[in-house]
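Thank you all for coming. I would like to walk you through one model this morning, and I will put the sequence and the structure up before I say anything about them.

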Amino acid sequence: MKKLLFLGLLLIPMKLEAATYYVATGGSGSTCSEASPCTMDGALTKVGSESGHIVIVEDGTYTASTQDINISGKTFNPRLTIKARTDGGWIMSGYAQAITIDGSKGIDIEGGTIKNGSSSHSIYITDSSSGSIKRFGVKNGASWGAQYANVVELSSLDGVTGTDDYVLEDVWVVGS
């Protein structure tokens, strides 16, 4: 009877706790822990398509291509939250597209700033839903003469699925 009870306990699904991952400007760790932070790419790889995780972005100016946010074709329920340790302390500088969310659901991004965008959108969200960008700023985004010349774009490329119920809250844009 004890063996049967033990086997029964093994078959009960266990709920895994959501993890918190840490990103830093010089991040090179593989655990993405507070003591050994990683790049944004490293944290997003750790998250994979699992839900409920939090990514804390340490204060600093991020310029490397491994530090942009690029999420495509993923659904997070509960949500994935990517947020600055200190509002305004996370600065992304010189990116063509600092944030790209394509065909994804349930992503919240909070507390950063994008400065000096280069040639495209600073924030580009397409065919995505149930997400938010809060307390975020863009200073001198894509220039007026850039190929797309959109600083923040919420769009649908196919005109059918669309970007819906995406919340922009306390988002500011200054410059071109």
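**Val 171, the sheet and the core**

Let me start with Val 171, which lies in strand β13, the strand covering residues 164-174. I should say at once that this is a predicted model, and I will come back to how confident the predictor is in its parts. Is Val 171 buried, exposed or partly exposed? Its relative accessible area is 29%, and because buried would require under 20% and exposed over 50%, Val 171 counts as partly exposed. If we leave aside its neighbours within four places in sequence, Val 171 is in contact with Ile 133 and Phe 136. Glu 110 is 61 residues away from Val 171 in sequence, yet the two C-alpha atoms are 9.8 Å apart in space.

Now to the sheet. Four strands form an open sheet with parallel pairing, and the order across it is β4-β7-β10-β12. The edges are β4 (69-72) and β12 (152-155), and each has a single partner strand, so one side of each is left without a neighbour in the sheet. Ignoring direction, neighbouring strands here are turned against each other by 5 degrees on average. Within this sheet, β7 (residues 99-102) and β10 (residues 123-126) run parallel and are joined by four bridges, with Ile 99 standing opposite Ile 123 of β10.

Ile 99 also brings us to the largest nonpolar core, which has 33 residues, and among those touching the most other members are Ile 99, Met 40 and Val 55. Not counting residues up to four places away in sequence, Val 55 touches a list of residues that includes Met 40, Ala 43 and Val 47.

Those three names return in helix α2 (residues 40-47), whose buried residues are Met 40, Ala 43, Leu 44 and Val 47. They cover an arc of only 95 degrees around the axis, and therefore sit on the same side of α2. An α-helix has 3.6 residues a turn, so residues three or four places apart point the same way. The cover over the buried residues of α2 includes β1 (20-23), β2, β4, β5 (75-84) and β6 (90-93). After α2 comes Gly 48, with a positive phi near 55 degrees.

Finally, confidence. The chain averages a pLDDT of 81, and 76% of the residues score at least 70. Strand β2 (residues 54-57) has the highest mean, at 97, whereas helix α1 (residues 2-10) has the lowest, at 48. Over residues 4-15 the pLDDT is below 50, and this stretch has zero contacts in the model beyond near neighbours in sequence. Where pLDDT is low, the predicted coordinates should not be read in detail.

Note on methods. Residues are numbered from 1 along each chain as its sequence is written. This is a predicted model: local features need pLDDT of at least 70, side-chain atom pairs count only at pLDDT 80 or more; totals for chains, interfaces and linings use all residues. Side-chain values use heavy atoms; hydrogens and water are left out. Two strands pair if DSSP finds at least two bridges between them. Helices (H or I, at least four residues) and strands (E, at least two) are DSSP runs, numbered from the N terminus. Axes are lines fitted to C-alpha atoms, for helices over the stretch in contact, and angles run from 0 to 180 degrees between N-to-C directions. pLDDT is the predictor's confidence in each residue, from 0 to 100. Contact means heavy atoms within 4.5 Å. Buried means under 20% relative accessible area, exposed over 50%, partly exposed in between (1.4 Å probe, protein chains only). A nonpolar core is a set of buried Ala, Val, Leu, Ile, Met, Phe, Trp, Tyr and Cys residues joined through side-chain atoms within 4.5 Å. The arc is that of the directions from the helix axis to the C-beta atoms.
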